[in-house]
Amino acid sequence: MIVVYSLGGSVLAAQDSAGLKRYAEKLREISRDNQLYVVVGGGAIARDCIGRARGVGASEALCDSIGILATRMNAALLAAALGGSAPFRVPESYEDALEASKKYRIVVMGGVSPGQTTDAVAALLAEYARADLLVIATSVNGVYTSDPEKDPGAVKIPRMKAEDLARMMSQIQLKAGSRSPVDPLAAKIIERSHIPTIVVDGRDVANLIRAIDGTHDGTEIRG
């Protein structure tokens, strides 16, 4: 099976060396029976650098480019933890990632183009790789009817259609200050490509494999 992981920066960038090793070990375990692609986010490092760049008057395009550099640094850290299981040189395009997969069972990459989030890159990579599954490992344990951190009445949705996800994410995007577990662009890509997608809490490393074997407690999205 071909699996693409969107591993949020809020999940991976918060890990120390021991944490990176735990994620690397789990990914190696999963890769014994699957071809893996892992797209890593920028996390706090990216937000800090972007904030400082804005403070000195940098354009939003330049801020995006700085964020991409942060994602690639985090990707290189994970690749280092994976040792010879993944190429240390982080692919900078979808084509490079596919080429690397001819030699490695795990390919790790960061951002590609300004304006694209980790989720969008992962969804596009899933299209390129004709993936069987996209796993969005983030800091929440699924898709909710509203932001669970702000609304105590929010209800987790265990299963939903891709078109409903795209509609929901576009609505959330319009509300100032709201968070969405899947960004609107990624949701539209998932909808158009009918990529089976699972949203899980990536802070628990065991959820990386639970998303594959069906024992997860996140949200399952189908076309």
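Colleague: Why is Ala13 called partly exposed?
Modeller: Ala13 has a relative accessible area of 30%. Partly exposed is the class between 20% and 50%, so Ala13 belongs there. Keep in mind that we are looking at a predicted model.

Colleague: Where is Ala13 found?
Modeller: Ala13 is in the loop between H1 and H2. Its C-alpha is 20 Å from that of Gly142, with the two positions 129 residues apart in sequence.

Colleague: And what makes Ala166 buried?
Modeller: The cut-off for buried is under 20% relative accessible area. Ala166 has 6%, so it counts as buried. Ala166 is part of helix H7. Its C-alpha lies 4.8 Å from that of Ala187, although the two residues are 21 apart in sequence.

Colleague: How do you know that Lys26 forms a salt bridge with Glu29?
Modeller: Look at the closest N and O atoms of the pair, which are 3.3 Å apart. A salt bridge needs a side-chain nitrogen of Lys or Arg within 4 Å of a carboxyl oxygen of Asp or Glu, so Lys26 and Glu29 pass.

Colleague: Why are Lys26 and Glu29 separated by about one helical turn?
Modeller: Because they are 3 residues apart in helix H2, which covers residues 17–31.

Colleague: Is Lys26 buried or exposed?
Modeller: Buried, because its relative accessible area is 17% and the class takes values under 20%. Its partner Glu29 has 31% and is therefore partly exposed.

Colleague: What makes the contact between Glu191 and Lys188 a salt bridge?
Modeller: Their side chains come to 2.9 Å, N to O. The limit is 4 Å, so the contact qualifies. Again there is about one helical turn between the partners, because Glu191 and Lys188 are 3 residues apart in helix H8. Both are partly exposed: Glu191 has a relative accessible area of 24%, and Lys188 has 46%.

Colleague: How do you know that Glu60 forms a salt bridge with Arg54?
Modeller: By the same reasoning: the closest N and O atoms of Glu60 and Arg54 are 2.9 Å apart, and the definition asks for no more than 4 Å. Glu60, at 44% relative accessibility, is partly exposed, and so is Arg54, at 46%.

Colleague: How many salt bridges does the structure hold?
Modeller: It holds 12.

Colleague: What makes Ile45, Met73 and Leu77 a nonpolar patch?
Modeller: Patch members need over 30% relative accessible area and no salt bridge, and nonpolar side chains are joined within 5 Å. Take Leu77 as the example: at 44% relative accessibility it is partly exposed, so it clears the 30% mark. Leu77 is in helix H4, residues 60–82. Together, Ile45, Met73 and Leu77 have about 250 Å² of accessible area on the surface.

Colleague: Why is Arg130 called exposed?
Modeller: Exposed starts over 50%, and Arg130 has 71% relative accessibility, so the name fits. Arg130 sits in the loop between H6 and S4. It also has a positive phi of about 55° although it is not a glycine.

Colleague: What makes His194 exposed?
Modeller: Its relative accessible area is 54%, and the cut-off is 50%, so His194 is exposed. His194 is placed in the loop between helix H8 (184–193) and strand S8 (197–201). Here, too, phi is positive, about 55°, in a residue that is not a glycine.

Colleague: Now the pockets. Which residues lie nearest the centre of the largest pocket?
Modeller: Gly43, Arg47, Thr117, Thr118 and Asp119, out of 46 residues in its lining. Elements that give two or more residues to this lining include helix H3 (43–55), helix H6 (118–129) and helix H7 (162–173). The volume of the largest pocket is about 1200 Å³. By class, its lining has 16 nonpolar, 22 polar and 8 charged residues.

Colleague: How do the residues of the lining of the second largest pocket divide, and what makes some of them charged?
Modeller: There are 4 nonpolar, no polar and 5 charged residues. Asp, Glu, Lys and Arg count as charged, so Arg89, Asp96, Glu99, Lys102 and Lys103 fall in that class. Pro, Ala and Tyr count as nonpolar, so Pro87, Pro91, Ala100 and Tyr104 go there. This pocket has a volume of about 150 Å³.

How values were computed. Residues are numbered from 1 along each chain as its sequence is written. This is a predicted model: local features need pLDDT of at least 70, side-chain atom pairs count only at pLDDT 80 or more; totals for chains, interfaces and linings use all residues. Side-chain values use heavy atoms; hydrogens and water are left out. Patches are made of residues with over 30% relative accessible area and no salt bridge: like charges are joined within 9 Å, nonpolar side chains (Val, Leu, Ile, Met, Phe, Trp, Tyr) within 5 Å. Accessible areas come from the Shrake-Rupley method with a 1.4 Å probe; for residues, only the protein chains shown count as cover. Helices (H or I, at least four residues) and strands (E, at least two) are DSSP runs, numbered from the N terminus. Buried means under 20% relative accessible area, exposed over 50%, partly exposed in between (1.4 Å probe, protein chains only). On a 1 Å grid over the protein atoms alone, a cavity is a set of points where a 1.4 Å probe fits but cannot get out, and a pocket is an open set with protein on both sides within 12 Å along at least five of seven lines; lining residues have an atom within 4 Å of a point. Grid points are joined across faces, edges and corners, and a volume is the space filled by probe spheres set on the points.
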